[in-house]
Structures are given as structure tokens and as C-alpha cells.
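Trainee: I am new to this structure. Please take one part and walk me through it closely.

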Amino acid sequence: MMQDLYRIDSEIWNPLGFIFSDGQADVGSREYDGCVFALDSCRILYRKAKITPRKTGQFATLWKRNHENKTTPYHLDDDFDCCIIAVEQNEKFGIFVFPKQVLASHGIIGSGRKPGKRGFRLYSDFDITLSKQAQSTKSWMKDFFVDLANPDSAKAKFRTIIDPILHSTNLKP
């Protein structure tokens, strides 16, 4: 887990002047390298997606334990600002940077309208999608995908995604 985070930090965050700190492993999401950390004032949930044998794309879980110790989807009211999910395929590596409002609007985390999900499939630029549902999902996800193949374009894309999150009035001081 930390190897991927250190790579992202050295290629994107540090050169942009962001401070990566307060990393804590999420024991319940160990299988997906789950952790929580801060990037400047932004509180981030992190996972690394997995390739599954029968379907295109990759899969990641995104859940927490409730007061009864049962798994439950994250909610819009939970204390995080965005979710970063790393994807790797052969020599290709990238990250999705999802503001939590985007995750809520697509029913991935809970909101007043939808209960949320405990996991979901991701389609990066590396994936060739054939089904209409996968193509539709890939279409909205592309705006939040950062391919680390070219560090300069990766930094620019990351900045485009993260700046509105950092300037959101919803961030905690």
C-alpha cells in the first residue's frame, strides 16, 4: 500500500506542493490497501482496486463498520472529502480521484436519496468496455481518472480535480 502512495506523492502531490500526512491503515479494508490520510486540508479515503477474472475493469470496496460492527456503505455525512482509488494493469498505473458528492450522485456512497454500495467496478482508460452499462460508467468516470504515465499531464489533471474540493466550503478547517 505505502509503496503506491509514496509513488503518487513523489510524482504528483509533492511536486505540486501538497503535504501528504496522517496516514492510517483501515484494518477492515486491508485486502484493498485501505487507508485514510490527509492531503493538505483534504481528508481522503484510499483503496487499490483489484482485477477480477471474469469482468472488464477493476473492483474496489468502499464500506465502514457501523455501531453494530456490520459493514455499511459510506455516507455523504461521513468525515472525508474525496476518495482516491489506484488502478494498475500490467505496467499501467493511475488513480481515480472522486469527490464524495460525485460518489453520492452515482449512488456509490449513501445520501438522502440512495443507500450507497459496499463496492463498485471502475473502468480506467486502460479498459476496453463492451457492455452499455460499463461504457456508461466509464463515461462519467473518465473525468476523475488520472493516468500517471505522463507526470506533467497527471499533475495538471489532478490539480483540475482537487482544486474545487480544496476550495469547497464543506471542508473542515
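Mentor: This is a predicted model. Start with one residue pair: E88 stands opposite F93 in β9. The strands behind that pair are β8, residues 82-89, and β9. They pair in the antiparallel sense over eight bridges. Sheet strands in general pair through backbone hydrogen bonds. Two residues lie between β8 and β9 in their hairpin. There, N90 takes a positive phi near 55°.

Now stay with β9. Seven of its eight residues are buried, so the strand is mostly covered, where buried means under 20% relative accessible area. β9 also pairs with β11: three bridges join them, and they run antiparallel. Look at F96, which stands opposite F145 in β11.

Next, turn to helix α3, residues 132-141. Its buried residues are A134, T137, K138, W140 and M141. Seen down the axis of α3, they fall within an arc of 165°, so they line one face of the helix. What covers them includes β9 (92-99) and β11 (145-147). Helix α2 (100-105) and strand β10 (119-122) are also among the cover.

Follow β10 outward. It belongs to an open sheet of three strands, in the order β4-β5-β10, with antiparallel pairing. β4 (50-51) and β10 stand at the edges, each with a single partner strand, so one side of each is left without a neighbour in the sheet. β10 pairs with β5, residues 58-61, over four bridges. In that pairing, Q58 stands opposite L122 in β10.

How values were computed
Residues numbered from 1 in each chain as written. Predicted model: local features only at pLDDT ≥ 70, side-chain atom pairs only at ≥ 80, totals over all residues. Heavy atoms only, no water. Buried < 20%, exposed > 50% of the residue type's maximum accessible area, 1.4 Å probe, protein only. Arc of directions from axis to C-beta. Contact = heavy atoms within 4.5 Å. Pairing = 2+ DSSP bridges.
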